[in-house]
Amino acid sequence: MTEKDIKLKLKCSPEEGFRALFDEYWSYAYTIIYSILRGTGSRTDVEDCTADVLSDVMMNYDTSRETSLKAYVGTTAKRRAIDMKRSMNTHTARNIPLDEDTEYCIPSDDNVEAETESSDISAIILKKIEELGEPDASIVIQKYFYDRSSAETARLLGINPVTVRSKLHRALKKLKKTLTDMDITL
């Protein structure tokens, strides 16, 4: 199917036009997105991004202009993938993947005593977070262990984002007081 045929279908029958656009440009957009997200995103991320790109093209492409549909798809795919990669990198910047493909050298002069003390303190902090009760403990864990926003946490717990922020603020105050009483400073 030619680009001209797809443009005509998008103009006359959006549903048929979207199917034609999908059939013709899925592989093209997928390849562009995969080349950018390789090593950062999963296969599902690439597929989701590709579907989003084709939806964006269908919703925003001006069929009355003489611009190339393929170029529009390519540019949209590239920009969306770069945005997704940036977003994924900021959310995982604090996490280091450890698997058999990744080679990390752990220095031999590690201070085992300090690491053990740090591990003990982490266990105490986690216990104190759990003692906050629900939903406070879940809110703190979602925020600081999973790096989720108030909106994401609210959606997961089925409560209002404003409630999440106020409960988080109160929970952190309680936690700080409890840890200060135990002579633990962060």
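A cavity here is a set of grid points where a 1.4 Å probe fits but cannot get out. Keep that in mind as we walk through this predicted model, since we'll look at its packing and then at its enclosed space.

Let's begin with the packing. The largest nonpolar core has 21 residues. If you want to find the middle of the crowd, look at I6, L21, Y25, I33, V57, L69 and V73, which have the most contacts inside this core. Four helices give two or more residues each: α1 (3-12), α2 (14-37), α3 (43-60) and α4 (69-92). Of these, α2 brings the largest share, with eight residues.

L69 is a handy place to zoom in. Setting aside neighbours within four places in sequence, L69 is in contact with I6, L21, Y25 and V57, among others. The list of its contacts also includes E3, K7 and Y61.

Apart from this core lies another one, made of 13 residues. I125, I129, I139 and I184 are among them. Hang on to I139, because that residue turns up again in the lining of the largest cavity.

So how many cavities of 30 Å³ or more does the count give? Just one by this rule, and the volume of the largest cavity is about 30 Å³. Around it you'll find I139, K143, R148, S149, S150, T153, V164 and L168. In terms of elements, α6 (136-144), α7 (150-157) and α8 (161-181) each supply at least two of the lining residues. The lining is a mixed bag: three nonpolar residues, three polar and two charged.

Definitions and conventions:
Residues are numbered from 1 along each chain as its sequence is written. This is a predicted model: local features need pLDDT of at least 70, side-chain atom pairs count only at pLDDT 80 or more; totals for chains, interfaces and linings use all residues. Side-chain values use heavy atoms; hydrogens and water are left out. A nonpolar core is a set of buried Ala, Val, Leu, Ile, Met, Phe, Trp, Tyr and Cys residues joined through side-chain atoms within 4.5 Å. Buried means under 20% relative accessible area, exposed over 50%, partly exposed in between (1.4 Å probe, protein chains only). Contact means heavy atoms within 4.5 Å. On a 1 Å grid over the protein atoms alone, a cavity is a set of points where a 1.4 Å probe fits but cannot get out, and a pocket is an open set with protein on both sides within 12 Å along at least five of seven lines; lining residues have an atom within 4 Å of a point. Grid points are joined across faces, edges and corners, and a volume is the space filled by probe spheres set on the points. Ala, Val, Leu, Ile, Met, Phe, Trp, Tyr, Cys and Pro count as nonpolar, Asp, Glu, Lys and Arg as charged, and the others, Gly among them, as polar.
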